[in-house]
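Ready for some practice at reading a structure? Take a look at the model below, then work through the exercises one by one, trying each before you read its solution.

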There are 2 protein chains.
Amino acid sequence: MTRQRVTIREVAEAAGVSTQTVSRVLNNRPDVAPETFDRVQQIIAEVGYSPNMLARGLTQGRSHVLGVVAFGVEYFGPTRVLTGIESQAAEMGYSITLNLIHRPETDDVNGVLEGLVSRQVDGVLWAIPQVGRNLDWWPERAKRLPTPVVLVGGMAGQESLPSVGIDNRTIGRLAAEHLLAGGARRVGLITGPSRWWEAREREAGWRETLAQSGLDGVTGPVVEGDWSATSGEAGLHQLLAASPDIDAVFASNDQMALGVLHAAHALGLRVPEDLSVVGVDDIAEGKHFWPPLTTVHQPLIDAGIQAVTGIDEDIRRLAQRRRPAEPRAPWTMRLQPRLIVRESSRPPRQAI
Amino acid sequence: MTRQRVTIREVAEAAGVSTQTVSRVLNNRPDVAPETFDRVQQIIAEVGYSPNMLARGLTQGRSHVLGVVAFGVEYFGPTRVLTGIESQAAEMGYSITLNLIHRPETDDVNGVLEGLVSRQVDGVLWAIPQVGRNLDWWPERAKRLPTPVVLVGGMAGQESLPSVGIDNRTIGRLAAEHLLAGGARRVGLITGPSRWWEAREREAGWRETLAQSGLDGVTGPVVEGDWSATSGEAGLHQLLAASPDIDAVFASNDQMALGVLHAAHALGLRVPEDLSVVGVDDIAEGKHFWPPLTTVHQPLIDAGIQAVTGIDEDIRRLAQRRRPAEPRAPWTMRLQPRLIVRESSRPPRQAI
DNA sequence: CTGAAAGCGCTTACAG
DNA sequence: CTGAAAGCGCTTACAG
């Protein structure tokens with residue numbers, strides 16, 4: 001931990017050139033004599049020089065850092081998004097600085113934005129779910145930020161800001177269609193917290209699809225969980241209390257679906273014979289639940305990748321146009337979920 | 001996205017003072033007249049000034065950034081460690097820059113170190129598991145780094161580098177003791193990959209404890225998994241093939257334990273009556289497995305917190321002593337795991 | 001193809 | 001208590 005950091009100046013002296021020639025080599029500029037280029041590069045390797053990105057950032061006015069603000073990292077979704085962001089960022093030459101928010105609705109977020117601006121990040125990736133009105137102020141706030149912002153994750157409803165999200169309504173639709181195809185006549189729902197936009201969208205997709213089926217009474221009771229397995233477990237009890245004849249349950253995530261499976265076992269209900277169960281997320285464990293869980297997969301890694309690709313484009317545009325810089329128009333990318341059929345749900349019946 | 005960034009100079013002009021007076025206010029120096037202080041601070045608020053950390057870092061020679069290198073973030077362990085690191089870092093005024101490594105044994109890691117040095121991080125938190133010989137070169141490499149390094153996570157064996165880890169041997173011991181107390185007479189093991197130091201330590205603790213029991217034949221067969229539930233499922237089959245009379249299984253993580261539960265159901269084995277199962281990690285879902293999983297909890301969030309606290313201390317020491325800077329002696333912190341008894345294992349028998 | 005000068009936005013001694 | 005000067009390590013025009 002004791003090595004003295006070597007600067008461009010020492011490299012220049014050792015090579016017998018000026019510092020900006022070294023700088024040219026560092027940045028792979030074409031206008032350097034081949035011999036000079038090689039000599040400098042050799043010295044760089046010899047002395048183990050590596051450029052000071054702080055200094056570079058200061059002169060260039062960009063840090064090559066992306067600020068990522070994410071909702072925890074203990075949940076499946078955020079983790080996937082972050083994985084996509086990190087790998088794509090590395091790919092494109094960005095570092096990321098990570099801030100974790102644990103209560104998406106109430107945590108003060110101005111402080112972290114300040115911090116990111118202070119650090120001169122080139123762009124901000126906002127991977128916080130829309131809960132209550134926690135995104136209402138965003139368009140206004142974003143305008144006063146000196147960098148592009150991209151919303152990423154579940155929300156795809158923000159028309160006024162660049163965003164990449166998942167089509168949550170289709171998630172509900174896929175689940176309901178699958179349940180109907182398996183012969184369900186009364187489908188209960190365990191939704192996520194109603195303040196969560198994603199939860200409401202999934203519910204809406206579920207509700208629309210069941211209504212369109214024309215089957216009488218197929219839309220069963222709805223109870224609100226908190227995404228935890230424990231709430232899914234309690235949820236099944238409530239559902240059965242409200243409507244003992246339900247033969248299928250859509251849980252708005254896999255954890256709650258796990259709770260449902262657990263409760264069903266405890267009650268002696270057979271899954272899927274007595275009760276079909278569908279979750280959302282496609283967590284790795286789902287394949288090994290008992291029985292293996294049918295679920296709806298969200299392409300969240302992709303969402304992370306697309307968000308980085310998109311913000312990079314925004315950053316470049318901003319850098320090109322001289323002041324006054326104009327961002328490109330808000331863009332939205334909505335990725336499609338995919339049904340994964342396993343054994344917790346009755347298989348589609350053959351058409352007669 | 002268009003606001004012009006305001007600098008210390010403009011604040012100084014607006015306040016009618018010099019830039020270093022503004023700097024003093026920014027850094028809460030005592031030697032400023034109260035009226036001046038207030039006036040400057042008001043202007044700062046008015047114009048929405050926030051300091052450029054790149055410039056500050058350049059002059060101060062420290063970035064207030066911690067470089068975190070972690071093994072993925074799709075697994076439970078790394079996620080917990082990262083959560084601890086992030087919260088403690090925020091608490092202590094550090095930002096973190098995150099690099100993810102997906103293959104801990106083979107991925108080239110020099111590039112990410114270079115990158116961190118370039119970014120002038122104040123310290124490096126290395127949260128990569130010890131697999132094969134991937135840590136052998138570390139002590140040598142660390143010496144040539146200009147910043148402190150702390151190893152964090154499972155490994156606590158590195159005497160030559162500061163580190164905070166979990167006592168993995170005790171994990172194996174706790175599991176084996178619990179199984180013995182429940183009356184197990186033949187205990188199989190599904191271990192993690194043998195190239196993983198953590199897996200070997202857990203196995204050693206398990207083996208020692210069983211041997212010390214003096215019970216003949218209590219040490220059952222060992223099969224090697226890859227941490228996945230799928231490998232746990234296959235593992236139980238192999239274990240039974242090798243020794244049909246096993247009445248307990250220790251799985252080296254909860255995912256593999258889940259696979260064991262799955263396979264046991266499929267085979268019609270009752271858990272825990274026919275087979276006691278114990279895992280490691282205490283993942284959130286474990287409570288809702290069927291039956292709820294007995295496991296060994298690792299204080300990984302704490303490990304992350306302690307790592308940040310420790311490296312902060314190292315950073316401060318390094319900053320105080322003028323060159324030649326001497327790091328404090330390598331320190332090691334080993335945190336203790338904790339058994340969580342649920343229903344997948346037979347309860348301890350009463351002493352006669 | 002290469003270098004002398006200026007500057008990015010701060011902080012650190014050094015005067016007063 | 002406050003300011004003029006220098007410098008952190010680079011890059012960006014500008015000359016030649």
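**Exercise 1.** In this predicted model, decide whether B:Asn28 counts as buried or exposed.

*Solution.* Start by counting neighbours: B:Asn28 has 8 C-beta neighbours inside 10 Å. Next, recall the cut-off: a residue is exposed if 12 or fewer other C-beta atoms lie within 10 Å of its own. B:Asn28 therefore counts as exposed. To find the residue on the chain, look in the loop between helix 2 and helix 3 (34–47) of chain B. While you are there, check the backbone: phi of B:Asn28 is positive, about 55°, although the residue is not a glycine. That is worth noticing, because most residues other than glycine have a negative phi.

**Exercise 2.** Now try A:Asp282: is this residue buried or exposed?

*Solution.* First, locate A:Asp282 in the loop between strand 9 (276–281) and strand 10 (294–297) of chain A. Second, count again: 23 other C-beta atoms lie within 10 Å. The cut-off for a buried residue is 20 or more, so A:Asp282 is buried. Finally, look at phi, which is near 65° for A:Asp282, a positive value in a residue other than glycine.

**Exercise 3.** Find which residue B:Val271 is joined to by a cis peptide bond, and which residue follows B:Trp290 across another cis bond.

*Solution.* Begin with the background: most peptide bonds are trans. Now take B:Val271, whose cis bond leads to B:Pro272, with omega about 5°. B:Pro272 sits in the loop between helix 11 (254–267) and strand 9 (276–281) of chain B. Then move on to B:Trp290, which is joined to B:Pro291 by a cis bond with omega near -5°. The loop between strand 9 and strand 10 (294–297) of chain B holds B:Pro291.

**Exercise 4.** Work out how the two copies, chain A and chain B, are related.

*Solution.* Step one is to superpose them: a turn of 180° with a shift of 0.0 Å along the axis lays chain A on chain B, with an RMSD of 0.0 Å. The two copies are thus related as by a two-fold rotation axis. Within chain A, the C-alpha nearest this axis belongs to A:Thr97, at 2.2 Å.

Step two is to look at the contacts: 52 residues of chain A touch 52 residues of chain B. Several elements of chain A give two or more residues to this side, including helix 5 (76–91), strand 2 (95–101) and helix 10 (229–242). By class, the chain A side has 23 nonpolar, 18 polar and 11 charged residues.

Step three compares the two sides: 100% of the interface residues of chain A are also interface residues in chain B, so the copies meet through the same surface.

**Exercise 5.** Identify which helix gives the largest share of the surface near DNA strand D, and which gives the most near DNA strand C.

*Solution.* For DNA strand D, 25 residues lie around it, and among those that come nearest are A:Ile8, A:Ser23 and B:Ala33. Helix 4 of chain A makes the largest contribution here, five residues. The classes are nine nonpolar, 13 polar and three charged.

For DNA strand C, there are also 25 residues around it, with B:Ile8, B:Ser23 and A:Ala33 among the nearest. Here helix 4 of chain B gives the most, with five residues. The surface near DNA strand C has nine nonpolar, 13 polar and three charged residues.

Conventions:
Residues numbered from 1 in each chain as written. Chains lettered and ligands numbered in written order. Predicted model: local features only at pLDDT ≥ 70, side-chain atom pairs only at ≥ 80, totals over all residues. Near = placed C-beta within 6 Å. Helix = DSSP H or I, 4+ residues; strand = E, 2+ residues; numbered from the N terminus. Nonpolar A, V, L, I, M, F, W, Y, C, P; charged D, E, K, R; others polar. Contact = placed C-beta atoms within 7 Å. Least-squares fit on C-alpha atoms with pLDDT ≥ 70 in both.
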